[in-house]
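Reader: I've got the sequence and the model open side by side. Can you walk me through a few spots worth a look?

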Amino acid sequence: MIRAATPSDAGAVAGIYNYYVAHTAVTFEESEVTALQMAERISDVLAVPLPWLVAEHSGRIVGYAYAGRWKVRSAYRFTVETTVYLDRDIRGQGLGSLLYEALFAALARRDVHVAVGVIALPNESSIALHEKFGLRKAAHFREVGFKFGKWIDVGYWQKVL
């Protein structure tokens, strides 16, 4: 089941996210996020208002997707950055596609013109997911992040909605 997130989902969402913080370079965050910090992030997105969705299976949150502001300056107000994270044990089963399908449907009901996906590279599965939903590579920044003792490239994928 995919539903709108609430701040009360923050503990489960943080649990999913913190695996990626601690073990991967897909996020450039280097310190784990508390449930309170995640609740604030969820509240901030919902206040815009933009969608933050969670996927539940057997009463447990197993993934989430949301759209956040691309930049804070007003001229960027019609552009969002999309994000999706899955429980590490459920990846590769199509849940990311289900979440993105629901997210893009929610964006279609809002005044959003462009969606941008930011991908730490290399990441073939994330590239495939974004391109499945019509996002195309728009930029490649070399060695802009440093995590786990190495430089990491970042690519931007975008779609005009």
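Reader: Let's start with Arg3: what is its relative accessible area, and what does that make it?

Author: Keep in mind that this is a predicted model. The cut-offs run from under 20% for buried to over 50% for exposed, with partly exposed in between. Arg3 falls in that middle class, so it counts as partly exposed, with a relative accessible area of 23%.

Reader: Which residue in strand 2 forms a salt bridge with Arg3, and how far apart in sequence are the parts they tie together?

Author: The partner is Glu56, with the closest N and O atoms 3.2 Å apart. Arg3 sits in strand 1 (residues 2–4), while Glu56 belongs to strand 2 (residues 52–57). So this pair links parts of the chain whose separation in sequence is 53 residues.

Reader: Arg3 also forms a salt bridge with Asp9; is Asp9 buried or exposed?

Author: In that salt bridge, the closest N and O atoms of Arg3 and Asp9 are 2.8 Å apart. Buried means under 20% relative accessible area. Asp9 has 8%, so Asp9 is buried.

Reader: Now for Asp87: which residue does it form a salt bridge with, and where do the two lie?

Author: The closest N and O atoms of this pair are 3.0 Å apart. Asp87 is in the loop between strand 4 (79–86) and helix 3 (95–108), and its partner is in strand 3 (residues 60–69), so the pair ties together parts that are 27 residues apart in sequence. Asp87 is buried at 12% relative accessible area, whereas the partner counts as partly exposed at 45%. That partner is Arg60.

Reader: Which residues are joined into one network by salt bridges that share partners?

Author: A search of the whole structure turns up five salt bridges. Arg3 pairs with Asp9, and Arg3 also pairs with Glu56. The network made through shared partners is therefore Arg3, Asp9 and Glu56.

Reader: Over to strands 6 and 7: how many bridges join them, and which residue in the turn has a positive phi?

Author: Strand 6 (residues 136–147) and strand 7 (residues 150–160) run antiparallel, joined by eight bridges. One bridge pairs Arg136 with Gln158 in strand 7. The two strands form a hairpin with two residues between them, and the turn residue with a positive phi, about 55 degrees, is Phe148.

Reader: Last one: which residues make the nonpolar surface patch?

Author: One of them, Phe141, lies in strand 6. Phe141 is partly exposed at 37% relative accessible area, and patch residues need over 30%. The patch covers about 260 Å² and is made by Phe28, Phe141 and Val144.

Definitions and conventions
Residues are numbered from 1 along each chain as its sequence is written. This is a predicted model: local features need pLDDT of at least 70, side-chain atom pairs count only at pLDDT 80 or more; totals for chains, interfaces and linings use all residues. Side-chain values use heavy atoms; hydrogens and water are left out. Two strands pair if DSSP finds at least two bridges between them. Helices (H or I, at least four residues) and strands (E, at least two) are DSSP runs, numbered from the N terminus. Patches are made of residues with over 30% relative accessible area and no salt bridge: like charges are joined within 9 Å, nonpolar side chains (Val, Leu, Ile, Met, Phe, Trp, Tyr) within 5 Å. Accessible areas come from the Shrake-Rupley method with a 1.4 Å probe; for residues, only the protein chains shown count as cover. A salt bridge is a side-chain nitrogen of Lys or Arg within 4 Å of a carboxyl oxygen of Asp or Glu. Buried means under 20% relative accessible area, exposed over 50%, partly exposed in between (1.4 Å probe, protein chains only).
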